[in-house]
Amino acid sequence: MWHILRQIVRTGIVTEPMPYLPLPLPLPDNAGDAAQRIHQDILDILGQALTIRQVDAGSCNGCELEIHALNNPYYNIEGLGIKFVASPRHADMLLVTGPVSRHMEEALRRTFDATPEPKLVVAVGDCGCTGGIFGESYASCGKVANVIPVDATVPGCPPPPLEILRAILDAVRKHRPVTGHPGGPA
Amino acid sequence: MWGVERQPPSSEIVVCAAFAVREGLVWLELPIDDSAAGFPDLAPLFPCAVRMQRGMVDLSGLRAEGSHDQRPWLDHGLWSSARAPLRSGGGSVPADSGALPTDYAFVRVEGDGVHEIAVGPVHAGIIEPGHFRFSVVGEKVLRLEQHLGYVHKGIERRFTELAPLDAHRLAGRVSGDSTVAFAWAYCMALESAWRGEVPQRALWLRATMLERERVANHLGDLGALGNDAALSFGLAQFSRLREDWQRLSREAFGHRFMMDAIVPGGVALDVSVPMRDRLRQQCDAIEREVHVLRTIYDEHAGLQDRFLTTGRVTPELAARLGLTGLAGRASGQAFDLRCDHSWDPFDQFNVAMAPNRNGDVAARVSVRFDEVFESLRLIRALCSGLPQGELRVDLQPVHAPSIGAGWVEAWRGEVFVALEVGADGRITRCHCHDPSWQNWPVLEHAVIGNIVPDFPLINKSFNLSYSGHDL
């Protein structure tokens, strides 16, 4: 126990300040720092924390490693109010990787059907965006949008963690109702 | 094991098998006149051949005679082509949409109180897809049966559509966590097929990357294993170290996983002297931290209670089933290509193996710790002694059918690439083999008698590849 406490104290808090992620809408002047803004945005738009179900629909596992990295203390996305959950039934958003393999097509569709509104979908990585190096074939359906509707994409092979976060926030912000009172609950 | 249909005029159909023996690697070929005739079943001698043979039926339409398990393995009944995808004219038809996979005939376990738990293909964590069928009584696992193939995306057919000098990118995406190892194995195969001599400097940089890949994955797994035993402190600490590691990989090699840094004939980029100093200093820093964390893991009673005796594979069982790589070394299978069949430049470093005979989760954790320290030593030595010279040579096609093999000790175990290039300079066949093929069936045995909640921990302690297996 003593070793653990000492290591925790010695390590300190390594979480980095969120870099500026461009927003599609103008911000009120008193918006605070980037992390707070993101946190507030999620609350304003969804009225709750954002829960994500990750679905590997055929990737090489590279994108999964970067999504894992998003959970490390440097990025600390749980601190922003974003949490990965175990079931699509608990999720606001699906984070889908890979070219969709023919064998995962039905599983992906059923996962999408099981997800409640707002049912946001982010396609992660070159393969999820376009089919990537694997393309379309007897065994691959290609990009995620060929199987389920996609709200945001993030290219890269694999995209680094902050790019994935950017796409997650893009999808959330796109969901903001056009007529909604900015800053108020949607 | 893999099947090949050679290009015309021979159009020969060949069954191939690679055997790792004391002297090296033996690549055997059996030409068969009529693919309906089949080939001798290797499963009675080598249990790990069962799934490979089932995969060969699915992909190449070649069947082992008298094989007791005739169920499809990689094919879920959704590919609409009439011919096997790796045969000429096969797999060219786009898949039908909307069709459902065929039912898979799992082995039923019957008895009082026995019930089944079906898991997957979409798993609860951020991991690759596959299906696990547990037969349990109470909380105890009587039997686990795996059903894989969900991430089969036609990689081996895709290889035949790429130019040999470009296909290292595809090899580097067979399994994203082993991108360096597969890219190296592919390049090694092409370089031996086309008789290319890779400069020493490039080999040393490749070895540096391979060891960095090993450390990155071991750090990630050590954290995840702590987390699976409810010590989230371990995940936080190790994932922090892994992030530091990947960030420097990006600075030094242009990519957080070093994808596409290994190219046919050499490497894509050089590492400057100041950067080599930073790489060495990072090894020192990580070594200090991992020593502290190892002490914490070793002294944590709750953690050791979960690790010790859990998911045990005895050395006898491991030998019989052909357990390989890291998991094999944790069960008394003292093989490591870097020691037994050392290749340039590892033959200059006298790599120390990390053997253990206990075969449980604790043993697989211990091997990872030992291998991290050895890899850090190797990286420091590689950075210190990096020879001068070219970074790459231009490979020239030989205008005749040529074959080459690549064999590399990846972090998970040995990866193997068999490459055949035709006289026209196109890839006839590229077969990629991940050690997960041997180790997945052993995981089924490791779980027997354990409780269901220990499965994630046992599974993570093996950390096998889905994509590298399904292709």
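Two strands pair if DSSP finds at least two bridges between them. Helices (H or I, at least four residues) and strands (E, at least two) are DSSP runs, numbered from the N terminus. This is a predicted model, in which local features need pLDDT of at least 70, side-chain atom pairs count only at pLDDT 80 or more, and totals for chains, interfaces and linings use all residues. Residues are numbered from 1 along each chain as its sequence is written, while chains are lettered from A and ligands numbered from 1 in the order in which they are written.

**Exercise 1.** Describe the sheet of chain B that has the order 1-2-3.

*Solution.*
Step 1. Strand 1 of chain B and strand 2 (residues 13-21) of chain B are antiparallel and joined by 4 bridges. Within this pairing, B:Val4 lies opposite B:Val14 of strand 2.
Step 2. The sheet is open, has 3 strands and pairs them antiparallel. Its edges are strand 1 (2-5) and strand 3 (24-32) of chain B, each pairing on one side only.
Step 3. On average, neighbouring strands are turned by 30 degrees against each other, direction ignored (axes are lines fitted to C-alpha atoms, for helices over the stretch in contact; angles run from 0 to 180 degrees between N-to-C directions).

**Exercise 2.** Place strand 4 of chain A among its partners and state its burial.

*Solution.*
Step 1. Strand 4 (residues 120-124) of chain A runs parallel to strand 3 (residues 93-97) of chain A, with 5 bridges. A:Thr97 is opposite A:Val124.
Step 2. Strand 4 of chain A is also parallel to strand 5 (residues 152-154) of chain A, through 3 bridges. Here A:Val124 has A:Val154 as its bridge partner.
Step 3. From strand 4 the chain passes through helix 5 (residues 125-130) to strand 5 of chain A in a right-handed β-α-β crossover. Right-handed means that, with the strands pointing away from the viewer, the path from the first strand over the helix to the second runs clockwise. Strand 3, helix 4 (residues 105-114) and strand 4 of chain A also make a right-handed β-α-β unit.
Step 4. In strand 4 of chain A, 5 of 5 residues are buried (20 or more other C-beta atoms, placed from the backbone, within 10 Å of their own). A:Leu120, A:Val122 and A:Val124 cover one side, and A:Val121 and A:Ala123 the other.

**Exercise 3.** Count the residues in the contact between chains A and B.

*Solution.*
Chain B gives 48 residues and chain A 42 (contact: C-beta atoms, placed from the backbone, within 7 Å). Helix 6 of chain B supplies the largest share of the chain B side, 6 residues.

Terms used
Two residues are in contact if their C-beta atoms, placed from the backbone, lie within 7 Å. A residue is buried if 20 or more other C-beta atoms lie within 10 Å of its own, exposed if 12 or fewer, and partly exposed in between; C-beta atoms are placed from the backbone.
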